[in-house]
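Biologist: I would be grateful for a close look at a single part of this model. Please describe how that part is built and how it relates to the rest of the chain.

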Amino acid sequence: MNNTEFESRVRSVIEERIRLSLSEHGGDIRIKEIKGRDVGLVFMGACRTCPAAQITLEEVIEKKLREEIPEIGRVYLINETDPELLAFAKKLMNGSHKEEEK
């Protein structure tokens with residue numbers, strides 16, 4: 001299986017077998033990177049801050065991916081800051097520095 005076929009299979013499993021169960025809990029998932037047979041994922045929505053995120057990764061996502069794609073390598077989470085949250089934090093920080101200068 002070449003890299004394009006591998007990526008297509010990963011996307012298909014996530015779309016058809018994983019995404020619905022996450023959306024039922026207010027969450028979602030996005031593929032951030034595929035390096036060889038390793039897959040880096042980002043949780044979104046409610047999954048992003050869920051205390052059970054690591055368990056969901058191991059017991060739901062990784063399990064389903066391995067069932068469908070036995071040759072998959074490591075499945076891991078990439079923690080990234082929400083761009084809107086980061087922009088809001090910068091705005092707050094810039095505003096608070098201006099207040100301190102007065």
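Modeller: In this predicted model, helix H1 has six buried positions to begin with: Phe6, Val10, Val13, Ile14, Ile18 and Leu22. The general geometry of a helix bears on such a pattern. An α-helix has 3.6 residues a turn, so residues three or four places apart point the same way. The buried residues of H1 pack against strand E1 (27-35), strand E2 (38-45) and helix H2 (53-68).

The dimensions of H1 can be checked. The helix covers residues 3-23, and its 21 residues, at 1.5 Å a residue, should span 30 Å; the C-alpha atoms at its ends lie 28 Å apart, which agrees. The helix nevertheless has a kink of about 40°, centred on Glu15. At the start of H1, a side-chain oxygen of Asn2 comes to within 3.0 Å of the backbone nitrogen of Thr4.

The setting of the helix is as follows. The protein chain contains 3 helices and 3 strands, and from the N terminus on these elements run α-β-β-α-β-α. Of the 102 residues in the chain, 25% are buried. Among contacts with a separation of 6 or more, 53% are between residues 24 or more positions apart. The chain exposes about 7,000 Å², of which carbon and sulfur atoms supply 52%.

The role of H1 in the interior can be stated through the largest nonpolar core, which has 19 residues; Val10, Ile14, Leu41, Phe43, Ile61, Leu65 and Ile72 are those with the most contacts inside it. H1, E1, E2 and H2 are the elements that give two or more residues to this core. The largest share, 6 residues, comes from H1.

Leu65 illustrates the link between H1 and other parts of the core. Leaving aside residues up to four places away in sequence, Leu65 touches Val10, Val13, Ile14 and Ile18, together with Ile72 and Val75. Leu65 is also one of the buried residues of H2, the others being Ala53, Thr56, Leu57, Ile61 and Glu62.

H2 therefore merits the same examination, beginning with its length: at 1.5 Å a residue its 16 residues should span 22 Å, and its end C-alpha atoms are 21 Å apart, which agrees. H2 bends by about 35° at Glu62, a residue that is itself buried. What covers the buried residues of H2 includes H1, E1, E2 and E3.

A second point of contact with H1 is Thr56, which lies in helix H2. Thr56 has a relative accessible area of 19%; because the cut-off for burial is under 20%, Thr56 counts as buried. Beyond residues up to four places away in sequence, Thr56 touches Leu22, Phe43 and Ile61. Of these, Leu22 is one of the buried residues of H1, while Phe43 and Ile61 are among the residues with the most contacts inside the core.

For a view of another part of the chain, Glu80 is found in the loop between strand E3 (75-77) and helix H3 (83-101). Glu80 is partly exposed, with a relative accessible area of 25%. Its contacts, not counting residues up to four places away in sequence, are with Arg30, Lys32, Val42 and Arg48. Glu80 and Lys32 are 48 residues apart in sequence, and their C-alpha atoms are 10.0 Å apart in space.

How values were computed: Residues numbered from 1 in each chain as written. Predicted model: local features only at pLDDT ≥ 70, side-chain atom pairs only at ≥ 80, totals over all residues. Heavy atoms only, no water. Helix = DSSP H or I, 4+ residues; strand = E, 2+ residues; numbered from the N terminus. Expected span 1.5 Å × (residues − 1). Bend = angle between axes of the 7 residues up to and from the residue. Buried < 20%, exposed > 50% of the residue type's maximum accessible area, 1.4 Å probe, protein only. Contact = heavy atoms within 4.5 Å. Polar contact = N/O pair within 3.5 Å; in protein donor to acceptor, adjacent residues only side chain to side chain. Core = buried A, V, L, I, M, F, W, Y, C linked by side-chain atoms within 4.5 Å. Areas by Shrake-Rupley, 256 points an atom, 1.4 Å probe, with all protein chains shown as cover.
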